[in-house]
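Trainee: Could we take a close look at the salt bridges here? I'd love for you to start with one pair and follow the charged side chains to wherever they lead.

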Amino acid sequence: MSQEAAAGEPVAVVGAGVVGLNAALALATAGHPVVVLAADEAARTVSAVAGGLWSPFRAGPAAAVARWARVGYDAYACLADAVPAAGVRLLDVVLVVEDDARPHPWEACAPRAGRPATPAERPPGVSASRVLRVPSVDTTRHLAWLQERLIEAGGRVERRRVRTLEEAFDAADVVVACPGLAARELLDDPTVFPLRGVVVEVAHPGTAALPALLDERGTQPTYVLPRPDGTVLLGGRADPGDERLDPTPEEVTDIVERCVALVPALQGARVLYARAGLRPGRPDVRVQSLAHPRGRLVVDYGHGGSGWTLAAGCAADVVALVHGA
């Protein structure tokens with residue numbers, strides 16, 4: 001087969017998480033008939049468990065991540081407020097830092113710089129913090145919106161577990177593999193590892209507005225994300241190599257206590273649920289074209305904790321690779 005896909009050539013995308021759906025939608029928009037092959041519906045992928053905050057977290061390489069993250073920021077910013085069904089809004093997030101006179105690393109990926117937090121915005125016991133306006137995504141809602149857009153563009157989703165690349169190539173001569181953690185087996189990549197996360201949803205404890213906040217100074221990330229529906233998402237954890245899917249009571253207590261220390265108004269908030277998810281960690285995100293005897297293969301995986309941040313930017317690169325760029 002030639003080294004580029006012809007316009008309108010069918011494409012099979014493996015994976016229905018945020019990375020796979022973004023790639024599929026970008027390809028369908030570019031004129032390709034697309035079928036998404038996935039064992040689970042989007043709402044049951046690890047993408048649905050994520051906090052959904054635009055955050056270039058635990059992913060490399062740095063230059064590519066910065067480029068992909070900026071594309072993602074711009075894509076979400078276009079949707080915020082303008083397309084309510086997409087479930088995207090822009091939040092002023094307080095980022096706890098060591099020195100608020102120095103930009104937070106995320107600021108290099110955002111269209112506008114942040115600013116030092118005011119004394120009233122700074123969490124108790126914190127000497128330095130900055131405020132950066134970033135997108136926040138209702139993950140379940142946005143995944144459903146992506147799938148609806150894909151179907152409107154002529155694509156379809158087929159519930160089918162793909163165990164080998166040959167099975168994917170039975171569906172199309174062009175395959176885009178976005179298998180997340182399953183890349184260990186599907187693409188025989190031993191560098192992929194689980195980066196386990198845990199989120200806790202609590203009921204809003206009162207009527208006063210709560211700040212959105214993130215603290216990455218310790219061994220575990222701590223974040224507070226108020227939601228429009230009256231709930232607050234608390235996190236989190238980043239445990240490499242841990243494949244447990246059930247949060248422990250001790251983990252839930254630890255997350256709540258860390259969040260309460262930074263936002264005392266959360267004290268006594270009622271826990272609604274806790275969930276764990278296995279992010280697909282890798283030393284570097286892998287977006288490239290690979291040789292395969294059955295046809296054209298493009299891979300897009302290994303986003304670590306940055307799937308929601310990088311998916312749109314990586315999808316643009318996937319389209320270019322499918323077209324031979």
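Mentor: Gladly! In this predicted model, Glu121 makes a good starting point: its relative accessible area is 27%, so it is partly exposed. Its partner, Arg115, is partly exposed as well, at 35%. The two side chains meet in a salt bridge, with 2.8 Å from N to O. Side chains of opposite charge can pair when their charged atoms come close. This pair belongs to a total of 24 salt bridges in the structure.

Now compare the setting of another pair. Arg196 forms a salt bridge with Asp239, and their closest N and O atoms are 3.7 Å apart. Arg196 sits in strand β8 and Asp239 in strand β12, so this contact ties together parts separated by 43 residues in sequence. Both Arg196 and Asp239 are buried.

A further salt bridge takes us to a helix: the side chains of Arg244 and Glu251 meet at 3.1 Å, N to O. Here the two partners differ in exposure, because Arg244 is partly exposed, with a relative accessible area of 37%, whereas Glu251 counts as buried at 6%. These pairs are also part of something wider: through shared partners, salt bridges join Arg196, Arg237, Asp239, Asp242, Arg244, Glu251, Asp254 and Arg258 into one network.

Glu251 and Arg258 bring us to helix α6, where both are among the buried residues. The helix runs over residues 249–262, and its 14 residues should span 20 Å at 1.5 Å a residue; the end C-alpha atoms are 20 Å apart, which agrees. Val252, Ile255, Cys259, Val260 and Leu262 are buried in α6 too. An α-helix has 3.6 residues a turn, so residues three or four places apart point the same way. What do the buried residues of α6 pack against? They pack against β8 (193–203), β9 (212–215), β10 (222–226), β11 (231–235), β12 (239–240) and β13 (271–281). Strands β8 and β12 are thus familiar from the Arg196 and Asp239 pair.

One last stop, since a cysteine turned up in the helix. Cys259 has a relative accessible area of 0%, so it is buried. Cys178 is likewise buried, at 7%. Even so, a search of the whole structure finds zero disulfides. For Cys178 the reason is distance: its closest cysteine sulfur, in Cys314, is 9.0 Å away, too far for a bond, because a disulfide needs the sulfur atoms within 2.5 Å.

Conventions: Residues numbered from 1 in each chain as written. Predicted model: local features only at pLDDT ≥ 70, side-chain atom pairs only at ≥ 80, totals over all residues. Heavy atoms only, no water. Helix = DSSP H or I, 4+ residues; strand = E, 2+ residues; numbered from the N terminus. Expected span 1.5 Å × (residues − 1). Buried < 20%, exposed > 50% of the residue type's maximum accessible area, 1.4 Å probe, protein only. Contact = heavy atoms within 4.5 Å. Salt bridge = Lys/Arg side-chain N within 4 Å of Asp/Glu carboxyl O.
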